[in-house]
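Hi there,

Here is the structure I promised to pass on to you. Please have a look at it first, and then read on for my notes.

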Amino acid sequence: MSRRYFYVTTPIYYVNADPHIGHTYTTVVADALARYHRLCGEHTFLLTGTDMHGEKVVEVATRQGSTPGAIADHYSGRFEATWDELGLGFDRFIRTNDPDHVKLVKDILTRVHEAGEIEFREYEGDYCVGCERFLTDRDLVDGKCRDHETPPERRSEANYFFLMTRHFDWLADYIETHPDFIRPERYRNEALAMLREESGLGDLCISRPKTRLDWGIELPFDTDYVCYVWFDALINYLTGIGYPDAPGFRELWGTCEHLVGKDILKPHAIFWPTMLHAIGLEPPRHLNVHGYWVVDDRKVSKSLGNMISPTVMRDRYGFESFRYFLLRDMSYGLDSNFTEELMVGRINADLANNLGNLVSRTLNMTARFAGGAVPEPLAPEEPETKVAEAVVRAVTLVDEYVRGLQIHRALEAIFQVVDATNRYLELREPWKAAKDPERTGSVHTALYTCCEALRIVAVLLSPFLPETAAEIARRLGVEAELADARLPEAARWGQIQVGTSTHKGAPLFPRIEWPPPEDASA
Ligand SMILES: [Zn+2]
């Protein structure tokens, strides 16, 4: 069987502020997906990075008396260091001023220009600095930019245009005939509506005169201009895996999963596929569009000052808890609410009470009633078989949900195993049976069943909560096995070795008081 490939990308983030909850969410999803596909033995590549160009960087530099290059380097470094610190892995952290990217953008511009897909035109319109583009009627609400709530500037310019509209019939047809290309469905419908709207999208302005912006990649056919930031930025997805001729490029590109927020649907659903079509490449396999994290009923943004810092959350609650909340509470595609109270409720219910309790009960009783080693079970009866069946169900569901980008459901399916095992313990009551020396076999069977269920829970959880999974495996004495685990084999029932030494430990997730004690006394 040929090895399967998996390529996942985050957007390249703007370098005008520190990473917040929105960036963290997308990067955590990418990390969890990459870990899951690696666990399935697939050749996996995760690309993230930062967009170094664009007017917003220039604005921040001007405000801070700095240079765009220094500002871009500073924030780009903050992103890379934050992901490193939080254990979010990537195969490449790309910056759009990396030499291979600059070269590729120029090569593609040259090709598209020579193919007659680019025209020079005079244009006048309403320009939003925040969006870095001219706005259309549908972008305006009461004369203000819908996204930025600021009035646009009137601007007139001669610029280069990519003749994007030529590709619209092809694109509409592609979206119609590939129903899950843009998912969830609501965004597919939104993209189709953008294409159909009469007054809507024209051709794409892809240049900025250097007289007003000289921060960007110079056009290879006119040195008075730099490239429009989106045309440059989108190409990073090709640079990252070595288009056109790096080994594995074709295989990876054929499996490409873009993760994007809904605010950048248009560039990804419209600009990007038409650009790819112009150079003869297929669109990515899926464009996966997620909603916003809402804090106090407002979208998170720098201008609103309601950003949630991932390192602050890590210091306060532990990163795995924050990561769990992000993955468990957002239904991919829909907006989701963040408050610390909601998060604490979730951590206490799922991680402290449910999972944490099962781990400590199992390992404490294994220490007390089985000498701290996985005991030999009797032949399974119906209750044991039910736990094993819950595992089989979860393995199938997790795979289906992860590949369908329904990570909250995948976690739900894993926690159904935890629930089933907790119910099983209540049924078998080994703490009572242990008082009767004739029932040692039943006690041992119960503890074996719980240890084995937890071993498989650790395997299934490892893409989502890698540190927690490793800790559970360490306490079960199967850390090395987890490191080498492959799905689906590793989730087959009955692999934990009788006699393996187990270790009790401190609670995995201590219950968090809410409201925090300091606040209560204030
Ligand atoms: Zn705007």
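**Helix pairs**

Helix α11 (residues 310–317) packs against helix α12 (residues 319–329) at an angle of about 120 degrees, and their axes are 7 Å apart. On the α11 side the contact is made by Pro-310, Met-313, Arg-314 and Tyr-317, and on the α12 side by Phe-319, Ser-321 and Phe-322. By class, the residues of this contact of α11 with α12 are five nonpolar, one polar and one charged. Before you go further, please keep in mind that this is a predicted model.

Next come two pairs that share helix α14. Helix α14 (residues 382–403) and helix α15 (residues 407–428) pack at an angle of about 175 degrees, with 8 Å between their axes. Angles over 145 degrees count as roughly antiparallel, and α14 and α15 are therefore roughly antiparallel to each other. From α14, the residues in the contact are Pro-383, Glu-384, Val-387, Ala-390, Val-391, Ala-394, Leu-397, Val-398, Tyr-401 and Val-402. They meet Ile-407, Arg-409, Ala-410, Ala-413, Ile-414, Val-417, Ala-420, Thr-421, Tyr-424, Leu-427 and Arg-428 in α15. Sorted by class, the contact of α14 with α15 has 17 nonpolar, one polar and three charged residues.

The other partner of α14 that I looked at is helix α17 (residues 440–461). Here α14 and α17 pack at an angle of about 5 degrees, and their axes lie 10 Å apart. That angle makes α14 roughly parallel to α17. Glu-384, Val-387, Val-391, Ala-394 and Val-395 of α14 make this contact with Thr-445, Thr-449, Ala-453, Ile-456 and Leu-460 of α17. The contact of α14 with α17 divides into seven nonpolar residues, two polar and one charged.

**Parallel strands around β1, β2 and β14**

Now to the strands. Strand β1 (residues 5–14) pairs with β2 in the parallel sense, over eight bridges. Within that pairing, Thr-9 has Leu-47 in β2 as its bridge partner. Between these strands runs some helix as well: β1, helix α1 (residues 21–39) and β2 make a right-handed β-α-β unit.

How many of the nine residues of strand β2 are buried? In β2 (residues 43–51) the count is eight of the nine, so this strand is largely enclosed by the rest of the structure. Strand β2 also pairs with strand β3 (residues 92–95), again in the parallel sense, over four bridges. Thr-50 stands opposite Arg-95 in β3.

Thr-9 is worth a second look, as this residue also stands opposite His-258 in β14. Three bridges join β1 to β14, and the two strands run parallel. Strand β14 (residues 256–261) is mostly covered, with six of its six residues buried. Cys-256, His-258 and Val-260 point one way from β14, while Glu-257, Leu-259 and Gly-261 point the other way, and all are buried.

From β14 you can move on to strand β15 (residues 286–290), which runs parallel to β14 and is joined to it by five bridges. In β15, Leu-287 is the residue opposite His-258. A right-handed β-α-β unit is made here too, by β14, helix α10 (residues 265–278) and β15.

**The antiparallel sheet and Ser-156**

There is also an open sheet of four strands with antiparallel pairing, in the order β5-β4-β8-β10. The strands at its edges are β5 (133–135) and β10 (204–205), each with a single partner strand, so one side of each is left without a neighbour in the sheet. Strand β8 (residues 153–162) is joined to β10 by two bridges, and these strands run antiparallel. Phe-161 stands opposite Cys-205 in β10.

One more residue in β8 caught my eye, namely Ser-156. Its relative accessibility is 47%, and Ser-156 therefore counts as partly exposed. Leaving out residues up to four places away in sequence, Ser-156 touches Glu-122, Tyr-123 and Glu-124. To link this back to the helix pair at the top of my notes, Ser-156 and Pro-310 are 154 residues apart in sequence, and 41 Å separate them in space, C-alpha to C-alpha.

Happy to talk any of this over whenever it suits you.

Best wishes

Terms used
Residues numbered from 1 in each chain as written. Predicted model: local features only at pLDDT ≥ 70, side-chain atom pairs only at ≥ 80, totals over all residues. Heavy atoms only, no water. Buried < 20%, exposed > 50% of the residue type's maximum accessible area, 1.4 Å probe, protein only. Pairing = 2+ DSSP bridges. Right-handed = clockwise from strand over helix to strand, strands pointing away. Axes fitted to C-alpha atoms, helices over the stretch in contact; angles between N-to-C directions. Parallel < 35°, antiparallel > 145°, perpendicular 65-115°, else oblique. Contact = heavy atoms within 4.5 Å. Nonpolar A, V, L, I, M, F, W, Y, C, P; charged D, E, K, R; others polar.
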